[in-house]
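Please open the model in a viewer and keep the sequence panel at hand. The tour below proceeds from the whole chain to individual residues, with a selection to make at each stop.

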Amino acid sequence: MSTVHWLGAGLSSLPGIRKVALSGQKLVLWNRTLEKAQQAVTSLKIDIPVKQLDLSSLEQEIQAGDVVISMLPATMHVQVAEICLGHKAHFVSSSYVSPEMQALDEKAKAADLSFVNEVGLDPGLDHLLAHALVAKYEASESFDKNNQHYFRSYCGGFPKVANEFKYKFSWSPLGVLKALKSPAQWIGEGEIKQTEKPWLALSDFDVTLADGSKETFQAYPNRDSVPFQAQYGFANDWNVQEFVRGTLRLNGWAQAWENLFTEVDTLTGDAGMKRLQAISDELWTKHQYDEGESDRVVLSVELEVKDPSGEKTVFNGSYGVDEAGNENGSAMARLVSLTVAIAIESLIAGDLVKGVSPAPHDEKTVTKWLDALTELNEHIFSH
């Protein structure tokens, strides 16, 4: 039996580690702080070996056919993947495929290895729901490439009980602050739209919840949505009026963060980064989750299709997730790491393609993964 090497024992990994351990799969948990890994194993009531992570030690342990899961900072994924190449091991991460990771594609294929990425929540579960939705539309009598297509995928995590700041942090706020300085690109009104700052493209967005009621959130485009049209199966000759992947925030978030936007916008250079770190420290002190406090994750993926004239809606479908933290972990940790654990099972079963890839798109595997999440009591609803 091959061994799964799980790198990183942070809170976002725990539900997935438990699932893999309880499946009987050989599993080793690696963490830079050995004590933290031991605490994780104790809290999960599982019996697996733990090891202190340094990459030279990892190299000595990996055998051909093993699977290495990197839940480390994204900047370390390529280094870990290159070690996997050298030892003929498979690789899994929940992060986006970077250009450096994509460059390993041919080498991974030549070595008959799967380097699977984007298999967490967002990216990850959102990809699965998008593929399922597009497949449903293409199989319908309404499908016509000349129709007007409006695709919207938004995801966000926030406290289950809203606070005045409309947000809380599970780890250092620095990443969230840096994201406020990141440009975004998407399709709107049939054209490519761009923004340099998320809050300049903010809009209200109504999510249809499981019971059919609607809740209004604030939403903004995130990163570059445009390449995902091809990944989700939107052909070049489709009439796409809107295509956006973005972030959900609680209603009132922009007003609560208004002063923060103003200051972050002025920060540049080394001095700016130093101030950004100071702001991050202040936010962590004031707005981190309390012990035992529940989070909430909302994911909405919808496809609205109108006839070529735009006068009549001919298809309107959506998938959604609205989960809260419980005794099995935070909603964010469950939805990220359980999807990773399901990816590991598929990889070991030989269901995944060779080379560098994002989450699978074939209907059989997508359905299998969504069914597996449902069996784990993660409710995915549709309208």
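What share of the contacts in the protein with a separation of 6 or more comes from residues 24 or more positions apart? The share is 69%. The model on display is predicted, and every value on this tour is computed from it.

**The whole chain**

Begin with the complete protein in cartoon representation. The display should show 14 helices and 16 strands. Along the principal axes, the C-alpha trace spans about 60 × 50 × 40 Å. The radius of gyration is 21 Å, which agrees with the value near 21 Å that a compact globule of 383 residues would have.

Next, switch on the molecular surface. About 17700 Å² of the protein is exposed, and carbon and sulfur atoms supply 47% of that area. Of the 383 residues, 53% count as buried. Colouring by charge brings up 34 positive and 52 negative side chains, with the centres of the two sets 3 Å apart.

**The nonpolar cores**

Hide the surface and select Trp6, Ile17, Leu29, Ile69, Leu125, Leu129 and Phe234. These residues belong to the largest nonpolar core, which has 67 residues, and they touch the most other members of it. Add helix 13, residues 331–348, to the selection: this helix gives the most to the core, with 10 residues. Then select Leu7, Val78, Ile83 and Phe91, which are included in a second, separate core of 24 residues.

**Helix 13 and helix 1**

Return to helix 13 and select threonine 339, which is found there. Is threonine 339 buried or exposed? Its relative accessible area is 1%, so threonine 339 is buried. Leaving aside neighbours within four places in sequence, the contacts of threonine 339 are Val119, Gly120, Arg334, Trp369 and Leu373. A distance drawn from threonine 339 to serine 94 joins C-alpha atoms 8.7 Å apart, although the two residues are 245 positions apart along the chain.

Move now to helix 1, residues 14–22, and select lysine 19. Which residues does lysine 19 touch, not counting those up to four places away in sequence? They are Leu338, Ala341, Ile342, Glu345 and Leu376. For a long view across the model, draw a line from lysine 19 to alanine 256: the C-alpha atoms are 38 Å apart, with the two positions 237 residues apart in sequence numbering.

**Backbone features in the loops**

The next stops concern backbone geometry. Most residues other than glycine have a negative phi, and most peptide bonds are trans.

Select aspartate 122 and proline 123. The peptide bond from aspartate 122 to proline 123 is cis, with omega near 15°. Proline 123 is placed in the loop between strand 6 (114–116) and helix 7 (125–138).

Select lysine 88, in the loop between helix 4 and strand 5 (90–93). Phi of this residue is near 55°, a positive value in a residue other than glycine. Lysine 88 counts as partly exposed because its relative accessibility is 47%.

Arginine 223 follows, in the loop between strand 11 (214–221) and helix 9 (228–231). Arginine 223 is not a glycine either, and its phi is positive at about 60°. With a relative accessible area of 44%, arginine 223 is partly exposed.

**Two further prolines**

Select proline 73, in the loop between strand 4 (67–70) and helix 4 (77–87). Relative accessibility is 39% here, and proline 73 therefore counts as partly exposed. From proline 73 to serine 95 the C-alpha distance is 9.1 Å, across 22 residues of sequence.

Finish at proline 198, in the loop between strand 9 (191–195) and strand 10 (203–208). How does proline 198 count, buried or exposed? At 3% relative accessibility, proline 198 counts as buried. Not counting residues up to four places away in sequence, proline 198 touches Ala179, Leu180, Ser182 and Tyr220. A last line, from proline 198 to phenylalanine 234, joins C-alpha atoms separated by 25 Å, with the residues 36 positions apart along the chain. Phenylalanine 234 brings the tour back to the largest nonpolar core, where Phe234 is among the residues that touch the most other members.

Note on methods
Residues numbered from 1 in each chain as written. Predicted model: local features only at pLDDT ≥ 70, side-chain atom pairs only at ≥ 80, totals over all residues. Heavy atoms only, no water. Helix = DSSP H or I, 4+ residues; strand = E, 2+ residues; numbered from the N terminus. Rg over C-alpha atoms; globule rule 2.2 N^0.38 Å. Buried < 20%, exposed > 50% of the residue type's maximum accessible area, 1.4 Å probe, protein only. Contact = heavy atoms within 4.5 Å. Areas by Shrake-Rupley, 256 points an atom, 1.4 Å probe, with all protein chains shown as cover. Lys, Arg positive; Asp, Glu negative; His and termini not counted. Charge placed at Lys NZ, Arg CZ, Asp CG, Glu CD. Core = buried A, V, L, I, M, F, W, Y, C linked by side-chain atoms within 4.5 Å.
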